[in-house]
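Please examine the overall fold before turning to its individual elements. The explanation proceeds from global dimensions to local detail.

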Amino acid sequence: MVITHPRPACGRSLEQVVAECVDAGAPAIQLRDKTADSRALTRTAARLRAITKSAGATLIVNDRLDVALATGADGVHLGPDDVTVPAARDIAPPDFIIGYSTDDPEEARRAGAAGADYLGVGAVFGTRSKPGLANEAIGPDRVRLVREASRLPCLGIGGITLQNAPEVLETGAGIAVLSTVMSAPDPGAVVRELLPIARGEGGCRR
């Protein structure tokens, strides 16, 4: 999963960068923008939905269930401070994807029982994309514990690069990347480099 930044470092528009990523084969995009107001975020989500739909890719909206539902996105990714997983499941369509963020095995089990479809687990290697997490690295072993406890698909997130992605994949989890792609001068090229790693080609296993 590629997680977006509202201003990609390459200088091209977010829409163009997302198009490059899905054209390169990215199977899922998560729209993440903590600063946009509801109207702006809805406009962006609608544009990205058209791009991802034409490419057969999945679009997830971070935090905002209302925006995800209004724009026909495939799902939402929720955190502890957002609407609860049961509340989202009650009003969402049957095939709507609900992700949830946790690095705690017990909370992961509860999220699965409440109706979450997958978990985002991190920050695996620390991250600067969220305040206060630069030095908070849970490590791949915690990802494995959460995956085994929840029995849900998990995505390791936080500080994941081409070099350390195999460590996460070896836990049986997938990967979600933000800075590695959004900070690159050629985001599509990075996606093309990541995909063989994620598929277990070149010696790492999924």
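The paragraphs below treat overall dimensions, strand pairing, the nonpolar core and one helix residue.

This is a predicted model, in which local features need pLDDT of at least 70 and side-chain atom pairs count only at pLDDT 80 or more, while totals for chains, interfaces and linings use all residues. Residues are numbered from 1 along each chain as its sequence is written, and side-chain values use heavy atoms, with hydrogens and water left out.

The protein contains 9 helices and 8 strands; these are DSSP runs (helices H or I, at least four residues; strands E, at least two), numbered from the N terminus. The radius of gyration, taken over C-alpha atoms, is 16 Å, which agrees with the value near 17 Å for a compact globule of 206 residues under the rule of 2.2 Å times the number of residues to the power 0.38. Along the principal axes, the C-alpha trace spans about 40 × 40 × 30 Å. Of the 206 residues, 48% count as buried, where buried means under 20% relative accessible area, exposed over 50%, and partly exposed in between (1.4 Å probe, protein chains only).

Strand pairing requires at least two DSSP bridges between two strands. Strand β4 (residues 75-78) pairs in the parallel sense with strand β5 (residues 97-101) over 4 bridges, and Gly75 stands opposite Ile97 in β5. Between β4 and β5 the chain passes through helix α4 (residues 85-91) in a right-handed β-α-β crossover; right-handed denotes a clockwise path from the first strand over the helix to the second, with the strands pointing away from the viewer. Strand β5 also runs parallel to strand β6 (residues 118-122), joined by 3 bridges, and Gly99 has Tyr118 of β6 as its bridge partner. Together with helix α5 (residues 105-114), β5 and β6 make a right-handed β-α-β unit. At the start of α5, a side-chain oxygen of Asp104 lies within 3.1 Å of the backbone nitrogen of Glu106. Just after α5, Gly115 takes a positive phi of about 120°.

The largest nonpolar core (buried Ala, Val, Leu, Ile, Met, Phe, Trp, Tyr and Cys residues joined through side-chain atoms within 4.5 Å) has 63 residues, of which Val2, Cys21, Ile29, Leu119, Val181 and Val191 touch the most other members. Beyond its neighbours within four places in sequence, Val191 is in contact with Val2, Cys21, Ala24, Gly25, Ala26 and Val181, contact meaning heavy atoms within 4.5 Å.

Lys53, in helix α2 (residues 38-55), is exposed, with a relative accessible area of 61%.

Methods: Polar contact = N/O pair within 3.5 Å; in protein donor to acceptor, adjacent residues only side chain to side chain.
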